[in-house]
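This report describes one protein chain, going from the confidence of the model to its helices and then to its surface.

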Amino acid sequence: MRPEAALAPEAAPADVPTFEAAPAPAAAVVAATATPPPAGVSKRNRVLGLTAQAAGVIGIVLFVALAVVMLLGRGWATSTVDDISAGVD
């Protein structure tokens, strides 16, 4: 037997799974892809973006609160009108 033949891997049968190398650790990928913000992005623009996000969240909360108040107010108004109409009859 030749030494090269002893070191050569044998072909795996079709029903045996083959394994590949594990991917790079996440920290290495993040370090390799992390880039500073572009030169055109100033601190003012970042602050304005954060402010806009906060305003959006506040708007969503106010919308949900207004919807709840409207539903409760509609029930109160309906019962009040029913009471008044019963008194008129």
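The pLDDT is the predictor's confidence in each residue, on a scale from 0 to 100. Among the elements of the chain, helix 1 (residues 3–7) has the lowest mean pLDDT and helix 3 the highest, as the table shows.

| Element | Mean pLDDT |
|---|---|
| helix 1 | 54 |
| helix 3 | 92 |

This is a predicted model, in which local features need a pLDDT of at least 70 and side-chain atom pairs count only at 80 or more, while totals for chains, interfaces and linings use all residues. Residues are numbered from 1 along each chain as its sequence is written, and side-chain values use heavy atoms, with hydrogens and water left out. The mean pLDDT of the chain is 78, with 55% of its residues reaching 70 or more. Where pLDDT is low, the predicted coordinates should not be read in detail.

The chain has 3 helices and 0 strands, where helices (H or I, at least four residues) and strands (E, at least two) are DSSP runs numbered from the N terminus. Helix 3 covers residues 43–88, and its end C-alpha atoms lie 66 Å apart, which agrees with the 68 Å that its 46 residues should span at 1.5 Å a residue, the expected span being 1.5 Å times one less than the number of residues.

Buried residues (under 20% relative accessible area, with exposed meaning over 50% and partly exposed in between, for a 1.4 Å probe and protein chains only) make up 0% of the 89 residues in the chain. Helix 3 is accordingly hardly covered, with a count of 0 buried residues. I60, which has its place in helix 3, is exposed, with a relative accessible area of 56%.
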